[in-house]
Amino acid sequence: MPTLVESALAAAGSSTADALAELCALARIPSISASAEHVREVHASADATAALLRSHGLENVRQLRVNDSHPYVLGEWLHAGPDAPTVLLYAHHDVQPPGRLDRWTTDPFVPTERDGRLYGRGTADDKAGAVAHAEAVGAWLSANGSIPCNVRILVEGEEEIGSPNLEAFLNAHADELRADVFVLADAGQWDVGVPGITYSLRGLVGCDVKLRALKGPLHSGISGGAVPDPVQGMARLLSAMTDENGVVTIEGFADDLIAPSAVERERIVALGGERGFAAAYGLLPGVSVIGDPNAPLYERLWRQSALTVIGFDAHPIKGSSNQIVAACTARLSFRLAPGQDPARVFEAVKSHIEKHTPWGLNAEVTSHEGSPAWTTEPTGWAFEACEEALEAGFGVAPVAMGIGGSIPFVGPFAATFGGIPALLIGPEDPYSRPHGEDESLHIADFASLIRSEVYLFQNLANARR
Ligand SMILES: [Zn+2]
């Protein structure tokens with residue numbers, strides 16, 4: 001007689017093709033939460049997600065909104081009894097805009113299989129997460145009529161615009177989400193075939209700096225040499241923000257940064273990664289890797305801050321003439337390390353700009369986003385259950401890893417539920433290009449992720465017993 005988990009695994013294995021078809025159907029909907037023109041599609045995506053959850057046996061499936069939020073889809077299966085743990089599964093059904101269409105090999109909203117990967121916007125981030133949750137629940141229910149855990153599921157509709165209503169949503173609906181552990185399928189794997197558990201995310205501060213020198217553009221021949229050029233002023237200002245290694249040196253910026261513990265640094269050093277990094281990330285020959293020379297690579301990427309200029313407005317080269325422009329704007333994106341408070345960081349950046357803007361140029365700074373980093377110690381009953389589940393599902397032990405990017409809702413989520421363990425797993429691998437053109441999902445690993453989740457329900461229940 002097969003055990004319950006074996007029966008559930010067999011059910012999951014026999015529905016891999018269905019899972020892929022479900023994912024394709026979802027990924028065909030351009031649920032771009034950032035775009036006002038796609039509100040209808042975000043709703044269609046919520047409807048399709050709700051139908052998916054219902055068809056896999058989730059109960060009380062409903063759509064909720066707070067303020068003007070995009071729809072959240074909720075569902076549950078709560079019949080495992082009071083002694084079994086309650087698991088909250090999270091994913092999101094909205095997607096990023098497709099970016100430049102000419103850089104996609106095939107239409108971003110026509111999911112297409114090539115070389116074992118499924119290409120399309122949302123195939124990895126994060127519609128695969130929603131489908132994996134539904135499939136794992138469905139496998140247990142179709143094979144055994146039960147799940148060893150109580151399950152709640154939340155599929156958000158506005159993660160890609162920074163979850164602006166999540167706090168209000170959690171306040172209004174906390175009781176419907178209460179759980180002992182939550183599982184977020186919006187992170188990723190260490191490599192193709194190698195699963196990961198993410199225990200650290202960086203925070204983010206975004207702001208625009210505008211420098212103005214003139215009421216209007218001036219002839220550079222008549223005025224150049226005496227009238228300051230705001231673009232060069234910006235170059236001086238920006239270069240004063242980092243040292244020769246590209247490390248942010250803004251006064252007070254890193255005062256509250258929490259350095260990794262000895263145990264964590266050991267974990268990071270053991271990962272190595274320096275060799276081959278430049279090639280893997282596509283650095284051109286001769287271009288050097290930057291950052292704190294005393295920190296190992298993954299400490300720089302996960303546990304230290306970084307500055308990127310993500311946008312720049314001056315005069316485009318096309319149509320330019322011999323003029324001094326009146327103003328220029330840079331959009332700055334600061335990744336924050338654990339400990340750094342976004343509001344304090346923004347103040348430090350502002351006073352740096354006040355102090356270092358040359359030539360009395362008029363500086364204007366506007367903040368447009370801020371969220372702290374999140375980190376946890378990847379130990380304890382839930383992490384152990386998850387590690388074993390991933391190893392069983394992939395046949396390879398998972399890597400405890402950080403992500404240099406930001407998922408702003410993880411911190412508030414954990415805090416709302418009294419610091420319950422957060423297990424960040426997911427379908428993305430280093431080649432998935434989430435948010436980029438030609439986003440894709442590794443299909444065999446997607447099946448392994450579903451298998452892992454099937455194991456995870458059993459392991460979490462065992463760990464709590
Ligand atoms: Zn995502």
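Which residues point one way from strand 7, which point the other way, and are they buried or exposed? In this predicted model, V181, V183 and A185 point one way from strand 7 and F182 and L184 point the other way, and all are buried.

**Figure 1. Strand 7 and the strands paired with it.** Strand 7 covers residues 181-185, and 5 of its 5 residues are buried, so the strand is largely enclosed by the rest of the structure. Strand 3 (residues 86-92) runs parallel to strand 7 and is joined to it by 4 bridges. Within this pairing, Y90 has L184 of strand 7 as its bridge partner. Strand 17 (residues 422-425) also pairs with strand 7 in the parallel sense, over 4 bridges. Here the bridge partner of L184 is L424 in strand 17. L184 thus appears in both pairings, with Y90 and with L424.

**Figure 2. Surroundings of H133 in helix 4.** H133 is a residue of helix 4. It counts as buried because 29 C-beta neighbours lie inside 10 Å, where the cut-off for a buried residue is 20 or more. Leaving aside residues up to four places away in sequence, H133 touches L89, A91, I153, A185 and E453. Of these contacts, A185 belongs to the buried residues of strand 7. H133 and I420 are 287 residues apart in sequence, and their C-alpha atoms are 19 Å apart in space.

**Figure 3. Cis peptide bond before helix 4.** The peptide bond that joins D125 and D126 is cis, with omega of about 5°. D126 lies in the loop between strand 5 (117-119) and helix 4 (127-144).

**Figure 4. Two residues with positive phi.** N60 is not a glycine, yet its phi is positive, at about 50°. The residue lies in strand 1 (residues 59-64). N60 counts as partly exposed because it has 13 C-beta neighbours inside 10 Å. D115, also a residue other than glycine, has a positive phi near 50°. D115 is placed in the loop between strand 4 (112-114) and strand 5. With 8 other C-beta atoms within 10 Å, D115 is exposed.

**Figure 5. Buried and exposed sides of helix 11.** Helix 11 has 15 residues (342-356), which at 1.5 Å a residue should span 21 Å; the C-alpha atoms at its ends are 21 Å apart, in agreement with that value. P342, V345, A348, V349, H352 and I353 are buried in helix 11. These residues cover an arc of only 135° around the axis, which puts them on the same side of the helix. An α-helix has 3.6 residues a turn, so residues three or four places apart point the same way. A343, E354 and K355 are exposed on the other side of helix 11. The buried residues of the helix pack against strand 9 (203-212), helix 7 (230-239), strand 13 (327-336) and strand 14 (362-371).

**Figure 6. Contact between the two domains.** Domain 1 consists of residues 4-201 and 373-464, and domain 2 of residues 203-257 and 305-371. Their C-alpha centres lie 38 Å apart. Domain 1 supplies 7 residues to the contact and domain 2 supplies 9. On the side of domain 1 that touches domain 2, 2 residues are nonpolar, 5 are polar and none is charged.

Methods. Residues are numbered from 1 along each chain as its sequence is written. This is a predicted model: local features need pLDDT of at least 70, side-chain atom pairs count only at pLDDT 80 or more; totals for chains, interfaces and linings use all residues. Domain bounds come from an automatic or database domain assignment. Two residues are in contact if their C-beta atoms, placed from the backbone, lie within 7 Å. Ala, Val, Leu, Ile, Met, Phe, Trp, Tyr, Cys and Pro count as nonpolar, Asp, Glu, Lys and Arg as charged, and the others, Gly among them, as polar. The expected span of a helix is 1.5 Å times one less than its number of residues. A residue is buried if 20 or more other C-beta atoms lie within 10 Å of its own, exposed if 12 or fewer, and partly exposed in between; C-beta atoms are placed from the backbone. The arc is that of the directions from the helix axis to the C-beta atoms. Two strands pair if DSSP finds at least two bridges between them.
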